[in-house]
Amino acid sequence: MYLLQRLTALVGLAAFLFVLSVPVTVAPWTVVTSVYAHASLAHLFGNALALAIVGPLVARRTTRLRFHLFFVSTGALAGIAEVWFGGLVGARAVLGASGAVFALMGYLLAGNRVSAALFDRVEVSPRLQLALFVVVAVVVTIATGGPGVALVAHFTGFVLGLIAGRLQILSVADRNRSYK
């Protein structure tokens, strides 16, 4: 995808085909294509490294289709949040898989057996769980901040992942497998 993005840049089409910006209705396909596009090789490698670390740990709990749908949908929602809400603080366009990668990180944190056992042992209301998730997401977002970083996308992806992990939305296939 990165090579295709670079090739289309030579003829001036990369932004039109890959960069998510408002209004989203002008180029709605960028809701998906922006998840797979990256601003630079360093950006691509950073996301690829994080995905290589976290992805297999989540992927083994679900099917390939569910994993991919989770990845693209959380990446798309994080991108939309970035251009809509990030626009309030200056962000006008976004690309990259960071929101989806952060969703996988959140899923891994909240969707594992230790977290499930903790939440089941300590009675915490759903409202308090959501508040805790937001606090954790704020801390993680601030820790990953820097110039040009899509902080709203990171935050959104992480919160979506935490909620999805707590709800175990990818673990349906887990009932038929034994992991030791």
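**Group meeting: a walk through the model**

I start with Phe16, which lies in helix H2, residues 14–18. This is a predicted model, so please keep that in mind throughout. Phe16 is partly exposed, at 43% relative accessibility. Setting aside neighbours within four places in sequence, Phe16 is in contact with Ala27, Trp29 and Thr30. For a sense of distance, take Phe16 and Trp84: they are 68 residues apart along the chain, and their C-alpha atoms are separated by 18 Å.

Next, helix H1, residues 2–10, where we find Thr8. Thr8 counts as buried, because its relative accessibility is 11% and the cut-off for buried is under 20%. What does Thr8 touch, not counting residues up to four places away in sequence? The list is Leu13, Ala14, Leu17 and Phe18.

Phe18 comes up again with Ser34, since Ser34 touches Phe18, Leu20, Val94, Leu95 and Gly96, again not counting residues up to four places away in sequence. Ser34 sits in helix H3, which covers residues 30–36. Is Ser34 buried or exposed? Ser34 is buried, with a relative accessible area of 3%. A polar atom of the Ser34 side chain lies 2.6 Å from the backbone oxygen of Thr30. Thr30 is also one of the residues in contact with Phe16.

Going back a little in the chain, there is a cis peptide bond to point out. Which residues does the cis peptide bond join? It joins Val22 and Pro23, with omega at about -5°. Pro23 belongs to the loop between strand E1, residues 20–21, and H3.

On the other side of H3 there is the loop between H3 and H4, and Ala39 is in that loop. Ala39 is exposed, with a relative accessible area of 54%. Its contacts, leaving aside neighbours within four places in sequence, are Arg6 and Leu95. Leu95 was also on the list for Ser34. In the other direction, Ala39 and Gly165 are 29 Å apart in space, C-alpha to C-alpha, with their positions 126 residues apart in sequence.

Now helix H4, residues 41–59. Where does H4 bend? The bend is at Ala52, by about 35°, and a proline, Pro56, follows within four residues. I report the two together and leave it there. The buried residues of H4 are Asn47, Ala50, Val54, Gly55 and Val58. H5 and helix H6, residues 98–110, are included in what covers those buried residues.

That brings in H5, residues 64–85, and within it Ile80. Ile80 counts as buried, at 17% relative accessibility. The cut-off is under 20%, so Ile80, at 17%, falls on the buried side. Ile80 is in contact with Leu20 and Val31, leaving aside its neighbours within four places in sequence. Leu20 is also touched by Ser34. As for distance, Ile80 and Pro147 are 67 residues apart along the chain, and 19 Å separates their C-alpha atoms.

The remaining part of the talk is about the surface. Leu130, Val134, Val138, Ile142, Ile163, Leu167 and Ile169 form a nonpolar patch there, with about 580 Å² of accessible area together. Which helices each supply at least two residues of this patch? They are H8, residues 126–143, and H9, residues 151–167. H8 gives the largest share, four residues.

Leu130 is one of the patch residues, and it lies in H8. Leu130 is partly exposed, with a relative accessible area of 40%. Patch members need over 30% relative accessible area, so Leu130, at 40%, is above that cut-off.

Last residue: Gln168, in the segment after H9. What is unusual in the backbone here is the sign of phi: Gln168 is not a glycine, although its phi is positive, about 55°. Gln168 counts as partly exposed, at 27% relative accessibility.

To recap three places to look at in the model: the cis bond between Val22 and Pro23, the bend of H4 at Ala52, and the positive phi of Gln168. I am happy to take comments.

Methods:
Residues are numbered from 1 along each chain as its sequence is written. This is a predicted model: local features need pLDDT of at least 70, side-chain atom pairs count only at pLDDT 80 or more; totals for chains, interfaces and linings use all residues. Side-chain values use heavy atoms; hydrogens and water are left out. Buried means under 20% relative accessible area, exposed over 50%, partly exposed in between (1.4 Å probe, protein chains only). A polar contact is a pair of N or O atoms within 3.5 Å; within protein, one must be able to donate a hydrogen and the other to accept it, and residues adjacent in sequence count only if both atoms are side-chain atoms. Contact means heavy atoms within 4.5 Å. Patches are made of residues with over 30% relative accessible area and no salt bridge: like charges are joined within 9 Å, nonpolar side chains (Val, Leu, Ile, Met, Phe, Trp, Tyr) within 5 Å. Accessible areas come from the Shrake-Rupley method with a 1.4 Å probe; for residues, only the protein chains shown count as cover. A salt bridge is a side-chain nitrogen of Lys or Arg within 4 Å of a carboxyl oxygen of Asp or Glu. The bend at a residue is the angle between axes fitted to the seven residues ending there and the seven starting there.
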